[in-house]
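Work through the exercises below with the sequence and the coordinates at hand. Each task is followed by a stepwise solution.

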Amino acid sequence: MANDPIHQFHITKLIPIEIGGLDLSFTNSSLFMVATVVTAGAFLYLTTASRGLVPSRLQSVSETSYEFVANMLREAAGTGGMRFFPLVFSLFMFILVANMLGMFPYFFTVTAQIIVTIALAMLVFSTVVIYGFWKHGLKFLGLFVPQGVPGILVPLVVVIEFVSFLSRPISHSVRLFAVMLAGHIALKVFAGFIVSLGALGPLGIGTAVLPLLMVIALTGLEFLMSFIQAYVFTILTCMYLNDALHPSH
Amino acid sequence: MEAEAAKYIGAGIATLGMGGAGIGLGHIFGNYLAGALRNPSAADGQFGRLIFGFAVTEALGIFSLLIALLLLFAV
């Protein structure tokens, strides 16, 4: 169906692989994840391979993205947070490049799959929990007891903090997933209006200009959202890592 | 009630949630603008926080849009 706005998210098996009842097929989703990693890696490597003291345009793009993420991490988690820089920078580049690749027509959007975003969010969540307990031991539980709370309220606050801590990976992943999914569906829905209006004859073609303008505006907004969502995912990662580094409020 | 009709009614109700996100975004940008006009020199430094608040709030509206779209096209 050409008009089905959900069709773009269907996963198709390109190379069926099955090991011991586990379906490990190489799908179009896997293909675009590989493409994302290759694009990000090749871009960063090639633009910084012949480093000049005066950076070329592409080299300054690489350097700016490095500085951007490094500043974000330093502001949110302090200089001690820089040990997580490889993780945070990889997450940022992966999500950014995946979102941007998804904007090409007929390309698959990896981040519009909940399984991908929840895997990324669980990676961050388990890093926080494991590093927090490894570094601070049971003091890590002090995260759930904010300072300056009256004694009678402490049990209630601890429950609230604990539930909000556990719901972090859900909101972290669903935010990215929902924005990418809804944005791409909205683009397809408005593009569908153009097709249906165009089928109505000359008058319809005249009015089809309106949804066309809407699609152009939405495409611009989607590029903005691709960047902002990568930014938000990364800055939330930095804030969560800050909890692991400095658990007492 | 027919299941098909319930689906469309549900999608319509789900979009109401976007109104809440609209109120929230109005607060964010309105207060930013008010603050920026009082102290223009500090405005640029808070732009990152503005965008962060925008994205986090806007995502909640997107959640209800997502429910509506899933009801229309995926259920």
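Two residues are in contact if their C-beta atoms, placed from the backbone, lie within 7 Å. This is a predicted model, in which local features need pLDDT (the predictor's confidence in each residue, from 0 to 100) of at least 70, side-chain atom pairs count only at pLDDT 80 or more, and totals for chains, interfaces and linings use all residues. Residues are numbered from 1 along each chain as its sequence is written, and chains are lettered from A and ligands numbered from 1 in the order in which they are written.

**Exercise 1.** Describe the side of chain A that touches chain B.

Step 1. Count the residues: 12 of chain A are in contact with 12 of chain B.
Step 2. Assign them to elements (helices are DSSP runs of H or I with at least four residues, strands runs of E with at least two, numbered from the N terminus). Two or more residues come from each of α6 (168-198) and α8 (209-245) of chain A; α6(A) gives the most, with 6 residues.
Step 3. Sort by type (Ala, Val, Leu, Ile, Met, Phe, Trp, Tyr, Cys and Pro count as nonpolar, Asp, Glu, Lys and Arg as charged, and the others, Gly among them, as polar). The side of chain A divides into 10 nonpolar, 1 polar and 1 charged.
Step 4. Look at one residue: A182(A) touches I62(B), L65(B), L66(B) and L69(B), not counting residues up to four places away in sequence.

**Exercise 2.** Determine which side of α2(A) holds the buried residues.

Step 1. Check the length. With 21 residues, α2(A) reaches 30 Å from its first C-alpha to its last, close to the 30 Å expected at 1.5 Å a residue (1.5 Å times one less than the number of residues).
Step 2. List the buried residues (20 or more other C-beta atoms within 10 Å of the residue's own; exposed means 12 or fewer, partly exposed in between). In α2(A) they are V69(A), M72(A), L73(A) and A77(A).
Step 3. These lie on the same side of α2(A) because they cover an arc of only 100° around the axis, taken from the directions from the helix axis to the C-beta atoms.
Step 4. R57(A), T64(A), E67(A) and N71(A) are exposed on the other side. The buried residues pack against α3 and α8 of chain A.

**Exercise 3.** Why does H184(A) count as buried?

Step 1. Locate H184(A): helix α6 of chain A.
Step 2. H184(A) counts as buried because it has 20 C-beta neighbours inside 10 Å.
Step 3. Leaving aside neighbours within four places in sequence, H184(A) is in contact with Q8(A), T109(A) and A112(A).
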